[in-house]
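Grab a pencil and work through these exercises one at a time. Try each task yourself before you read the solution.

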Amino acid sequence: MTSFSLASISQNGLDNNLAALFDRQAQKTPDAIAIVCDRTWTYNDLRERAHEYVRGICAYGLPSDSTIAVVLPRDGDMVAILLAILWCGYAYVPIDPDEPPERARRIRDVAACKLVVGEANLLAQLNASPNVEDRPLSVRLNELIAAGQGRIEPACANGGEGLAYVLFTSGSTGEPKGVEVEHRQVLHLLQASQEILEFSQDDRYLAIATIAFDISVVEIFLPLITGGSILLRDRALLNDPKAMFSDLKDNHVTVMQLGPSSWSVMLDADAEIPYFRVAITTGEAVLPALAARLTKIAGTVWNLYG
């Protein structure tokens, strides 16, 4: 069992920053697998890439309270960018690549992002607007790395009460609103998650939620600061239950989290379902019948809704 707990985390300085906690774990287990996606990333791979991006971000000399929009496909670089932004003391603003451009631009502008990091085609869609007066600077990943070459890397910024990210509501009942979340609040969430899930370095968590949804925070950061690993997949995988369950079995996923509606579709499919150490249902109310079905495919089942 990992020794991660809030009791062991300093209340001052670097340990309050999520990126610093990942960095500490990466130095302990550099050769351990951190992410499985299009390729396998070790903790050292991810750490080195994140630090490349740290040097690049700092080249732009942003104010200390800046927000940085991220519009990237789901791969190891996306995770490295999030870690780099946090290391620098900035807050990330996730924009799902599938968001309608108008909403994506609205999120970027309301959050007053000073920088937007993304792939060329995604940035082009985001910037396809006649209003260019207040448009923030947009940079591609290779440009970010080039900007940081030869630069001295800064020490990790303090976390604590500093903003870690800004997520926007769906806007189903009005104008989408940004929800600001601090590092310390994320740490409390991760500590509670680690305790109830008994998550350890032997676990692999399926990370399938968009980073624009708060569930992604646990899927990504819980494994990375406790020495576990992530199977990083696109949500489109849910459209093929057979392929998904085969993928999860082949990659030894131990913890899986879905909404009740998605779980029902998955369980009704004619597919061989692997056995999970923990199955989680969240996002909406779960019926007792579904809960009972989940107990047959997992050692522990948690309802984390409401």
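**Exercise 1.** Find out how the side chains of Glu 99 and Arg 103 meet, and whether the two residues are buried or exposed.

*Solution.* Start with the contact: Glu 99 and Arg 103 form a salt bridge, with N and O 2.9 Å apart. That fits the rule, since a salt bridge is a side-chain nitrogen of Lys or Arg within 4 Å of a carboxyl oxygen of Asp or Glu. Next, look at the surroundings: Glu 99 and Arg 103 are both buried. Here buried means under 20% relative accessible area, exposed means over 50%, and partly exposed is in between (1.4 Å probe, protein chains only).

Before you go on, note that this is a predicted model, where local features need pLDDT of at least 70 and side-chain atom pairs count only at pLDDT 80 or more, while totals for chains, interfaces and linings use all residues. Residues are numbered from 1 along each chain as its sequence is written, and side-chain values use heavy atoms, with hydrogens and water left out.

**Exercise 2.** Work out which parts of the chain are linked by the salt bridge of Lys 249 and Glu 272.

*Solution.* First, check the distance: the closest N and O atoms of Lys 249 and Glu 272 are 3.2 Å apart. Then place the partners: Lys 249 sits in helix H9 (residues 241-250), and Glu 272 in the loop between helix H10 (260-268) and strand S12 (276-281). They are 23 residues apart, so the pair links distant parts of the chain. (Helices are DSSP runs of H or I with at least four residues, strands are E runs of at least two, and both are numbered from the N terminus.) Last, check exposure: Lys 249 is partly exposed at 47% relative accessible area, whereas Glu 272 is exposed at 60%.

**Exercise 3.** Do the same for Arg 293 and Asp 268.

*Solution.* Their side chains meet in a salt bridge, 3.0 Å from N to O. This one joins helix H11 (residues 288-294), home of Arg 293, to helix H10, which holds Asp 268, 25 residues away. Arg 293 counts as partly exposed because its relative accessibility is 35%, while Asp 268 is exposed at 57%.

**Exercise 4.** Check the span of helix H2 (residues 43-58).

*Solution.* The expected span is 1.5 Å times one less than the number of residues. For the 16 residues of H2 that gives 22 Å, and the end C-alpha atoms are 22 Å apart, so the two agree. While you're there, spot the buried residues of H2, including Tyr 43, Leu 46 and Ile 57.
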